[in-house]
Amino acid sequence: MESIELDGAVRVQVPGKVNLSLSVGPRRLDGYHELVTLFMAVSLYDHVTATPARRGRLSVEVSGEGAESVPTDMSNLALKAADLLRERHGTPDLGAHLAIDKRIPVAGGMAGGSADGAAALLACSVLWGLNLGQAELLELAAELGSDVPFSLLGGCALGTGRGEQLAPALCKGTYEWVFALSHGTVSTPAAFKDFDAHHGGDHVVRTPDRLMKALAAHNIDDVRMLLHNDLQHSAIRLCAGVDEILDEGLEMGGVASIVSGSGPTVAFLCADTEDAIGLTVGLSTMHQVRAVHRAKGPVPGARVVTAS
Ligand code: C5P
């Protein structure tokens with residue numbers, strides 16, 4: 001077996017995300033939906049470590065949360081990212097082994113796969129000495145998937161188009177979140193398909209102006225009332241238990257609850273750390289809940305944490 005050289009590694013930390021607002025428009029000719037969404041990056045991180053490999057070899061291993069359901073063939077978004085990067089900016093002999101350590105739920109609506117794609121782009125760019133700028137990385141990220149650019153950028157941002165066109169949004173202070181993972185998963189295409197089946201083709205997208213103002217002013221009362229997700233009912237229909245988690249978590253101390261992206265992870269906004277700890281304990285007792293994580297947001301996007 002060909003050996004993998006370990007004398008040089010680049011480790012990237014990449015956050016998950018929650019959509020504070022997700023407004024879905026009509027299906028476009030390319031199959032994607034026009035949308036307007038407000039993303040927030042949260043401190044639930046995957047880590048991707050890239051080490052050099054000889055003769056153009058690309059490989060991946062996955063550990064951590066839900067690792068067994070992540071593919072390790074070329075359908076893995078991190079491998080696709082490395083392949084796209086060397087095709088556009090490198091040479092075919094560049095190789096890498098990617099070790100993904102997951103904490104962001106797989107197929108949970110928190111952009112776990114997209115995060116790994118973004119992290120692999122950054123890690124391989126540094127590993128191979130390509131040192132691309134943010135604009136070049138964002139361009140490749142948009143080709144890989146709608147949420148990949150946001151995983152690179154982080155913070156808070158308004159996403160338009162299919163979600164890949166980003167404008168940073170002002171967000172004062174930090175917010176406390178609790179994420180409840182369901183037993184099931186929801187595939188993003190299935191959530192959009194269900195949305196289409198329950199709406200005419202003429203649903204219009206709305207820009208979350210009031211929510212953006214509330215975030216800029218750190219007005220948590222307004223933020224909590226203005227959280228909105230057009231895909232929430234689809235996630236409820238497609239995954240048993242989501243409904244109960246949304247309701248019961250509010251009684252246990254969350255100030256607002258929302259399905260994260262296409263779900264089925266449920267995000268709870270909390271008033272402070274103490275409430276978040278209490279809610280974490282309460283949610284952990286629900287049989288509909290597989291795991292509970294506490295996180296803060298906004299946090300920065302993908303970044304190198306060690307390189308040797
Ligand atoms: O871009 P990404 O590969 O993450 O999207 C996964 C799937 O989600 C797409 O194939 C499409 O079915 C659906 N999608 C959509 N409209 C968007 C984003 C995603 O219909 N704006």
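Student: Let's start with proline 298. Where is its place in the chain?

Tutor: Keep in mind that we're looking at a predicted model. Strand 11 covers 289-297 and strand 12 covers 303-307. Proline 298 sits in the loop between strand 11 and strand 12.

Student: And the peptide bond from glycine 297 to proline 298, what is its omega near?

Tutor: Look along the bond that leads from glycine 297 into proline 298. That peptide bond is cis, with omega near 0°.

Student: Which loop holds proline 264?

Tutor: This proline comes after a cis bond too, the one from glycine 263 to proline 264, with omega near 5°. As for its place, strand 9 is 256-259 and strand 10 is 266-270. Proline 264 lies in the loop between strand 9 and strand 10.

Student: OK, on to phi. What is the phi of alanine 107, roughly?

Tutor: Alanine 107 turns up in the loop between strand 4 (95-102) and helix 2 (112-127). Its phi is positive even though the residue isn't a glycine. The value is about 50°.

Student: Is alanine 107 buried or partly exposed?

Tutor: Buried would need under 20% relative accessible area, and exposed would need over 50%. Alanine 107 has 39%, so it's partly exposed.

Student: Histidine 218: which loop does it lie in?

Tutor: Histidine 218 is a residue other than glycine with a positive phi, near 50°. Its relative accessible area is 33%, so it counts as partly exposed. You'll find histidine 218 in the loop between helix 6 (209-216) and helix 7 (220-226).

Student: Now the rings. How many aromatic pairs does the structure hold?

Tutor: Two rings pair if their centres lie within 6.5 Å. With that cut-off, the number of aromatic pairs in the structure is two.

Student: What is the angle between the planes of phenylalanine 39 and phenylalanine 150?

Tutor: Planes under 30 degrees apart count as stacked. Phenylalanine 39 and phenylalanine 150 are stacked, at 4.5 Å centre to centre, and the angle between their planes is 10°.

Student: How many residues apart in sequence are the parts that this pair ties together, phenylalanine 39 and phenylalanine 150?

Tutor: Phenylalanine 39 is in strand 2 (residues 33-53), while phenylalanine 150 is in helix 4 (residues 148-153). Both phenylalanines, 39 and 150, are buried. Because one partner is in that strand and the other in that helix, the pair ties together parts whose separation in sequence is 111 residues.

Student: And tryptophan 177 with phenylalanine 179, what is the distance centre to centre?

Tutor: Tryptophan 177 and phenylalanine 179 form a stacked pair, with 20° between the planes. Both tryptophan 177 and phenylalanine 179 are buried. Centre to centre, the tryptophan 177 and phenylalanine 179 rings are 6.1 Å apart.

Student: Salt bridges next. Which residues are linked with Asp30 in a network?

Tutor: The count of salt bridges comes to twelve. In one of them, aspartate 30 pairs with arginine 28, with the closest N and O atoms 2.7 Å apart. Aspartate 30 is partly exposed at 48%, and arginine 28 is partly exposed at 24%. The residues linked with Asp30 in the network are Arg28 and Glu34.

Student: Which helices does the salt bridge between glutamate 143 and arginine 88 tie together?

Tutor: The closest N and O atoms of glutamate 143 and arginine 88 are 2.6 Å apart. Their parts are 55 residues apart in sequence, and the pair ties them together because glutamate 143 lies in helix 3 and arginine 88 in helix 1.

Student: Is aspartate 194 buried or partly exposed?

Tutor: Aspartate 194 meets arginine 237 in a salt bridge, 2.8 Å from N to O. Aspartate 194 is in helix 5 and arginine 237 in helix 8, so the pair ties together parts 43 residues apart in sequence. Arginine 237 is partly exposed at 42%. Aspartate 194 has 12% relative accessibility, so it counts as buried.

Student: Last one: which residues gather with Glu248 in a patch of negative charge?

Tutor: Glutamate 248 belongs to helix 9 (residues 242-251). Patch residues need over 30% relative accessible area, and glutamate 248 has 34%, which makes it partly exposed. Its companions in the negative surface patch are Asp243, Glu244, Asp247 and Glu251.

How values were computed. Residues numbered from 1 in each chain as written. Predicted model: local features only at pLDDT ≥ 70, side-chain atom pairs only at ≥ 80, totals over all residues. Heavy atoms only, no water. Patch = residues over 30% accessible without salt bridge, like charges linked within 9 Å, V, L, I, M, F, W, Y side chains within 5 Å. Areas by Shrake-Rupley, 256 points an atom, 1.4 Å probe, with all protein chains shown as cover. Salt bridge = Lys/Arg side-chain N within 4 Å of Asp/Glu carboxyl O. Lys, Arg positive; Asp, Glu negative; His and termini not counted. Charge placed at Lys NZ, Arg CZ, Asp CG, Glu CD. Helix = DSSP H or I, 4+ residues; strand = E, 2+ residues; numbered from the N terminus. Buried < 20%, exposed > 50% of the residue type's maximum accessible area, 1.4 Å probe, protein only. Phe/Tyr/Trp six-rings, centres within 6.5 Å; stacked < 30°, edge-to-face > 60°.
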